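Here's a quick briefing to read alongside the model. Keep the viewer open and click through the residues as they come up.

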Amino acid sequence: MKIRHYITLLLIIISYSGKSQTDSLTSSRLSALQDQLSQFEKNRVADSVRKAILTDQLSLLTSGDVQKKNELMAEIKKLEAQDSIRIDRLSAQAMQLRQSAGRYPVILKTDTLFSIYSRSGATRPEERAKDISARIKTLYKDDFLVLDSIRSSESDYTTDIVCRDVVIMSITDLDAMIYNKTRQQLAEEYTGIIRSAIEAARKDASLGRLLGRFGLVLLVIAGVWFLIILMTRLHTRAETYIAGKKDVWLKNLAYKDYTFLSAEQELSLIYFILKVLKWFLIALILYLNIPLMFSIFPFTRGWADSLFALIWMPFRGVVNAVWNYIPNFFSIAVIVVIMRYFIRFVRYIFSEIDSEKLKISGFHADWAMPTFSIVKFLLYAFMFVMIFPYLPGSDSGIFKGVSVFIGVLFSLGSSSAIANIIAGIVITYMRPFKTGDRIRIGEMTGDVIEKTLLVTRLRTPKMEEITIPNASVLSGNTINYSAPAKNDGLIIHSTVTIGYDAPWKDVHQALIDAALRTTGIMQAPTPFVLQTGLEDFYVSYQINAYIKEVNRTTAIHSDLHRHIQDVFNERGIEIMSPHYRALRDGNTTTIPADHLDEGYKPASFRISSNPDQ
């Protein structure tokens, strides 16, 4: 080769070595290969220059300088041998570059004609491939194109493939070395490929071929229609066959007295599975045949690949995501298992405190299970914090945004619920009442049947169930009737009004005796009477007595009132309340007749006069 030829090739290789990275090789490795190619070419150029100088010196020598001529000839042969070795090495490096560097296809319609690996001057290989594809497509659309006009043309540094005055592409020495061919050989090969591709594309577009392809499409449609009808008939026969064998194959799926699935439900489930299977197979048939129809026409062949990728790529992405998520899944499983057994251990500790087997100074037994609920919630929250980084998509901005949005909605919508929870926690540790206690909250009186973090439920003596939010309980007054009754007893009381004509000592004793007759009232401490008022027409007496059975307060009150009436009637004491007026002379007493003496007659009305007046 000429010196300028080598210089040109060197410039091409050096310009190619400026590419930092390709699609299939890292930038450092590709740079190393390009540096080696560049160094080889530099050495070849230097040897070519040296060989030219030696040749000029040899031509200037006279016939008498035999020794000098032999020395120059030996050095020239040595340079030629080194050049041959370098060419072999350069070709090997070029082949390695072909295997490692990115390839960019030259395409006509959907067919790949050949690939471009190297740049030409400042034009990158992908740009070269696009430009060459565009020129070939323009030739294909030219109705007056003569295929023989596509030929190769030699120049000083490249071999061009031309058509009339248009240069389709230029082949450099590096392009040829990558394929281990000469420029002329590669140019002839590419010329034949381009001619054949244009000729085949034109034949594909012919009318006869087009009609034949329409026939293939109709044949594919007919085949799909036949398969769908066959699938439908098989589905119908399968349902009929299973229905006939229902009594033999299907039995009720039951455990003891509970039936999970009856035979009819099992039959419906089988029908549903068959229907899903039928439609799945029909969809699969359609999906597989639509790309087949698209592949019949050249201009729709790319649609088949795109259609297949619409489902295959997401499916492959899901499979890859699931496979890549398996290590995170095992990490979550380990965290859940460890936390589960730790919560069981904590439950055991608090249950021991609740049963008073384990006693901690200052920590009441009835605090154990509510405290366990709080600790369990905190442990689950801690577990979620540990699991969160392993959740799929937890590091995405959308996931974080949705989490914040849900948190804001929860905070705004649950302010009252949170207030009730906090009140429930405070009530738990205040210990104002326990389950089963008779209490009064505001206007509500009843027995505590349930305490939760949100509400307290009462059952009234009339068997009414009342739900009170804990925030209301905490903000109001609570009266506990059961707490004092467990030790000293609870005092109940009732008031009667008796006229001034009845001796107060008799009234006191009558009330005490009535209380002692009442079931549920304690004999000790002894009931006592308080005179709560001296009114205009009567005296108010209040009987006070101790009871233990607080939940029977209403019944005990009723029984006490009954005995008060009996005792007062037995002892001839009239209950004249609130304002009872009667003329004693000539009027019957208010005491019931069965408590009066035999032969009782009301006193007659008498008028007396003073004879002294």
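What follows is a short tour, from the whole chain down to single residues.

Bear in mind that this is a predicted model. The protein chain has 613 residues, and 33% of them count as buried. Its secondary structure adds up to 17 helices and 15 strands.

**The chain as a whole**

- Take the contacts between residues at least 6 apart in sequence: 60% of those join residues at least 24 apart.
- The exposed area of the protein chain is about 38500 Å², with carbon and sulfur atoms supplying 61% of it.

**Helix α11**

- This helix (368-387) has 20 residues and runs 28 Å from its first C-alpha to its last, close to the 28 Å expected at 1.5 Å a residue.
- Its buried residues are Ala368, Thr371, Phe372, Leu379, Met383 and Ile387.
- Those residues take up an arc of only 145 degrees around the axis, so they sit on the same side of α11.
- Over on the other side of α11, you'll find Phe377, Leu378 and Val385 exposed.
- A reminder on helix geometry: with 3.6 residues a turn, residues three or four places apart in an α-helix point the same way.

**Helix α13**

- Residues 415-430 make up α13, and these 16 residues should span 22 Å at 1.5 Å a residue; the end C-alpha atoms are indeed 22 Å apart.
- Which residues of α13 are buried? They are Asn420, Ala423, Gly424, Ile427 and Thr428.
- Their arc around the axis is only 140 degrees, which puts them on the same side of α13.
- The cover over the buried residues of α13 includes α11 (368-387), β11 (465-469) and α14 (470-475).
- Right after α13 comes Arg431, with a positive phi near 55 degrees.

**Helix α17**

- α17 (residues 553-570) has 18 residues and reaches 26 Å from first C-alpha to last, close to the 26 Å expected at 1.5 Å a residue.
- Its buried residues include Thr553, Ile556, Asp559, Leu560 and His563.
- Further along α17, Ile564, Val567, Phe568 and Asn569 are buried too.
- What covers the buried residues of α17 includes one helix, α16, and the strands β8 (438-441), β13 (490-498) and β15 (539-547).
- α17 is followed by Gly572, where phi is positive, near 70 degrees.

**Aromatic rings**

- How many aromatic pairs does the structure hold? There are eight.
- One to look at is Phe114 with Tyr190: the ring centres are 3.9 Å apart and the planes are at 10 degrees, so this pair is stacked.
- Phe114 belongs to strand β2 (residues 111-116) and Tyr190 to helix α6 (residues 183-204), so the pair ties together parts that are 76 residues apart in sequence.
- Phe114 is buried, at 6% relative accessible area, and Tyr190 is buried as well, at 4% relative accessibility.
- Phe363, Trp367 and Tyr429 come together in one aromatic cluster.
- For a charge over a ring, look at Arg344, which lies over the face of Tyr341 at 5.2 Å from the ring centre.

**Leu186 in helix α6**

- Leu186 lies in helix α6, and is it buried or exposed? At 1% relative accessibility, Leu186 counts as buried, because the cut-off is under 20%.
- Leaving out residues up to four places away in sequence, Leu186 touches Ile171, Asp175, Ala176 and Tyr179.
- Leu186 and Ala176 are ten residues apart in sequence, and their C-alpha atoms are 6.2 Å apart in space.

**Backbone spots to check**

- The peptide bond from Ala524 to Pro525 is cis, with omega near 0 degrees.
- Pro525 is in the loop between α16 (504-517) and β14 (528-534).
- Arg164 has a positive phi near 55 degrees, in a residue other than glycine.
- You'll find Arg164 in the loop between β4 (159-163) and β5 (166-171), where Arg164 counts as partly exposed at 47% relative accessibility.
- Glu356 is another residue other than glycine with a positive phi, here near 65 degrees.
- Glu356 is located in the loop between α10 (301-354) and α11.

Terms used
Residues numbered from 1 in each chain as written. Predicted model: local features only at pLDDT ≥ 70, side-chain atom pairs only at ≥ 80, totals over all residues. Heavy atoms only, no water. Helix = DSSP H or I, 4+ residues; strand = E, 2+ residues; numbered from the N terminus. Buried < 20%, exposed > 50% of the residue type's maximum accessible area, 1.4 Å probe, protein only. Contact = heavy atoms within 4.5 Å. Areas by Shrake-Rupley, 256 points an atom, 1.4 Å probe, with all protein chains shown as cover. Expected span 1.5 Å × (residues − 1). Arc of directions from axis to C-beta. Phe/Tyr/Trp six-rings, centres within 6.5 Å; stacked < 30°, edge-to-face > 60°. Lys NZ or Arg CZ within 6 Å of the ring centre and 35° of its normal.
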